[in-house]
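Student: I would like to go through some of the labels used for this protein and ask what each one rests on.

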Amino acid sequence: MDLSPAKWIWFPSQRTLANTFVLFRREIILDEPPKEAKGWIVADSRYRLTVNGERVQWGPAPSDPRHLEVDPIDLIKYLKPGKNIIGAEVLFYGHGEGTWPFGKPGLLVNLDIDGQKLVSDKDWHCQVDRAHRPGQHRRWFLRALQEEFDARLHPNGWDTPDFKPGPEWIVAMELETPANRSAFAGGYYDYANEIWMSHPETSTLSPRTTALMHEVWIEPGILEAGELEWHRDPNDWFDFRTPGSYGEWAPVDLTFGVGEGLNGSAHVYSLPKASKGRGRTITFVWPKEVVGWPHVWIEAPAGTIVELITHESLAPGQHWLDSHLFAWSRFICDGRAQLLEPFDYESFKYLQVHIHGTDEPVSLINPLARVRRNAWPHEAQAKTGDPKLQKLLDAAIQTLDNSAQDVSVDGMGRERQQYSGDASHQLHAVRSVYGAEAVSKRFLKTFGTGQTLDGVWFDSWPAYDRTARVWQREVGASDWGPLVDHSIGFCFDHFHHWMQTGDIEPARANWPRIMKFVSYLRGLMTQDPKGLMPVEGLGIPAVWIDHLAFEKAAQKRLAFNLYAGAMLREALYPLAQHLKVGEDAEGINDMGNALIATCRRQYWDEDRHIFVNNRGTGKPPRLDDRSLATAILYDLCPDHRTEAALKALVETPNNLGLSYPANAVWRYWALAKAGRIDVVLKVFREKWATMYSVEHNG
């Protein structure tokens, strides 16, 4: 799409520090209430859109920075006769993270108000928000924003009609980037990484492919309040995790009441004066883990420091929550009633408010969670008479609600990254339970653009992780590279999407990339006289295949080649036939059959009627659940002789000689296909349903 005559705009500058926040405002005057006010907005990296100080939406959904998706906007219920202010608070990550591998800063808006265009251009004014210090360090490897907000430096009311901008507000700079390309395709100088797009003409903008996330309010319960003894400056703990920084936690009395809030009555939690040298904590708990923004007002003296600490679960006897990947946001109060709400969303069930920098009494007002929810076509329902299984199913549905949003991720509270091999399994439920074809289709689109020159996909995309691993692996600083077996999984993802929705278009769109990957596999096959692909010595790419389940990498070769053979013959071959690419189809089928035949010759034990992954080594036979499950799922055993493989999978994983069944899902799928769902349900009841996080944290 082309958003002309809009211009990409940014704060006038020659470089932008990481974690810079820029405030943009545009004044418009309306003679009467508009009948229509619709348009589009996109920013690199994230925006929060307001009209007259009222929040409209947050975005955009993570996508490849070279191929951004543009969010729709509808401002009809926010605009009024007279003076109106459209505000956009834009964060440029700068640091790569789990939802953003790279990019360049910018804001692009195209709005139609009753036939009149309002676009981003030099009529917008902007200011750096110094309340967020530009150049702030990242939270951790895969979270860019460690938010610190000093309300004393924030231009309060900046996006409201009564605000009077001073000289610090300057005319926005129009960027040279065309309005049909992403900000990354432009010439703005990336001082930190010195990167640019080799072929900017291939960059695209396209309409958002899934509905905007819903935002709903959910109230928490109060868990406890207390004081934490600090032996050192709390910054030593938050910045460095210095041992001995704090001591005992002790409970304190908390006064609860109902008072006046900004919009009527409000729940008020009041803490008494603090003991000297102690921080105060109030911990809230929600009925279930949520994804969104903790939201609470505070009344405290100027200079009071508050950390909002989020956590997904709580261990027995745990009172201090800052124990997991530095999941906190800091606010410094300006003496007025102040809203504490992070800019970026979190995944949490527990929220701890840690207050220090003052000994005076403080009050927290109306703690809530602003929860992100997908606009599912159907709500998931799973009912069983077994209480343990019901608890497990409820937890699984809740996890899916949190992990499959505008991106389908592995670990919303940790890294928020899209994976194929790790996270695309959940798309089976997204399609079949929720009927959410668009979510599945968006995954195939956004993940598909993250392909290397070799033809292997970055198995986490759009994310910083594997781009960083490339140089790390090159110099021996990491074992992780783009995972070839996850690229095989991504090809299967297209097949499953087609089978479960009837939609062939994602496969058609990605077919050139798929064939590039097939060519890569063909090249691997030529490295071995027998025609099997290696699992070691691949250079930058690597083979994962449940790495904890094998004593050494060489034992993965059977599972890897069976998996690739099944993908070629059982997934890509029928896709190619349906797409009517006959030459591709025959070559793909021949490759798949060749791999499967070679696996049978080299690893099939004719006496035991089973695949042995160390056959021919002279050592005691070793089995692995991944190879056996793949053989059952795709009928790869000679003459359909699956009895021995099924018997091995019915037994406990230790009887297979496994140190750890990393991806038990393959075993479960195979058992279910072979009619042994009883074994799967037994494991669900005895293992997964009794996990502490399911029993106590939902």
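The dialogue below takes up labels for a predicted model.

Student: Why is the contact of Glu-27 with Lys-83 called a salt bridge?

Tutor: The closest N and O atoms of Glu-27 and Lys-83 are 3.7 Å apart. The cut-off is a side-chain nitrogen of Lys or Arg within 4 Å of a carboxyl oxygen of Asp or Glu, so the pair qualifies. Glu-27 lies in strand β2 and Lys-83 in strand β7, so the bridge ties together parts that are 56 residues apart in sequence.

Student: How do you know whether Glu-27 is buried, partly exposed or exposed?

Tutor: Buried means under 20% relative accessible area and exposed means over 50%. Glu-27 has 39%, so Glu-27 is partly exposed. Lys-83, at 32%, is partly exposed as well.

Student: What makes β2 and β7 a pair?

Tutor: Pairing needs at least two bridges between the strands. Strand β2 (residues 20-30) and strand β7 (residues 82-92) are joined by 11 bridges, so they count as paired. They run antiparallel. One of the bridge contacts puts Thr-20 opposite Phe-92 in β7.

Student: Why are β5 and β12 called edge strands?

Tutor: The open sheet has six strands in the order β5-β4-β7-β2-β10-β12, with antiparallel pairing. β5 (54-59) and β12 (170-171) each pair on one side only, so they are the edges.

Student: What makes Arg-685 and Asp-386 a salt bridge, and where do the two residues lie?

Tutor: Their N to O distance is 2.5 Å, which is within 4 Å, so the contact is a salt bridge. Arg-685 belongs to helix α13 (residues 677-686), while Asp-386 sits in the loop between β25 (362-373) and α2 (387-403), so this pair ties together parts 299 residues apart in sequence.

Student: Which of the labels buried and partly exposed goes with Arg-685, and which with Asp-386?

Tutor: Asp-386 has 17%, which is under 20%, so Asp-386 is buried. Arg-685 has 30%, which falls between the 20% and 50% limits, so Arg-685 is partly exposed.

Student: How do you know which labels fit Arg-641 and Asp-639?

Tutor: The side chains of Arg-641 and Asp-639 meet in a salt bridge at 3.6 Å, N to O. Arg-641 is at 18%, under the 20% limit, so Arg-641 is buried. Asp-639 is at 63%, over the 50% limit, so Asp-639 is exposed. Elsewhere, salt bridges that share partners join Arg-55, Glu-215, Glu-341 and Arg-370 into one network. By the 4 Å rule the count comes to 40 salt bridges.

Student: Why is β8 called mostly covered, and which strands pair with β8?

Tutor: Seven of the eight residues of β8 are buried. Strand β3 (residues 37-44) pairs with β8 over eight bridges, in the antiparallel sense. Lys-38, for instance, has Asp-112 as its bridge partner in β8. β8 also pairs with β9, again antiparallel, over four bridges. Leu-111 has Leu-118 as its bridge partner in β9.

Student: Where is Asp-114, and what makes Asp-114 eligible for a surface patch?

Tutor: Asp-114 is in the loop between β8 (106-113) and β9 (116-119). In this hairpin, with two residues between the strands, Asp-114 takes a positive phi near 50°. A patch residue needs over 30% relative accessible area and no salt bridge. Asp-114 has 37%, so the area condition is met. The negative surface patch is formed by Asp-31, Glu-32, Glu-36, Asp-74 and Asp-114.

Definitions and conventions:
Residues numbered from 1 in each chain as written. Predicted model: local features only at pLDDT ≥ 70, side-chain atom pairs only at ≥ 80, totals over all residues. Heavy atoms only, no water. Patch = residues over 30% accessible without salt bridge, like charges linked within 9 Å, V, L, I, M, F, W, Y side chains within 5 Å. Areas by Shrake-Rupley, 256 points an atom, 1.4 Å probe, with all protein chains shown as cover. Lys, Arg positive; Asp, Glu negative; His and termini not counted. Charge placed at Lys NZ, Arg CZ, Asp CG, Glu CD. Buried < 20%, exposed > 50% of the residue type's maximum accessible area, 1.4 Å probe, protein only.
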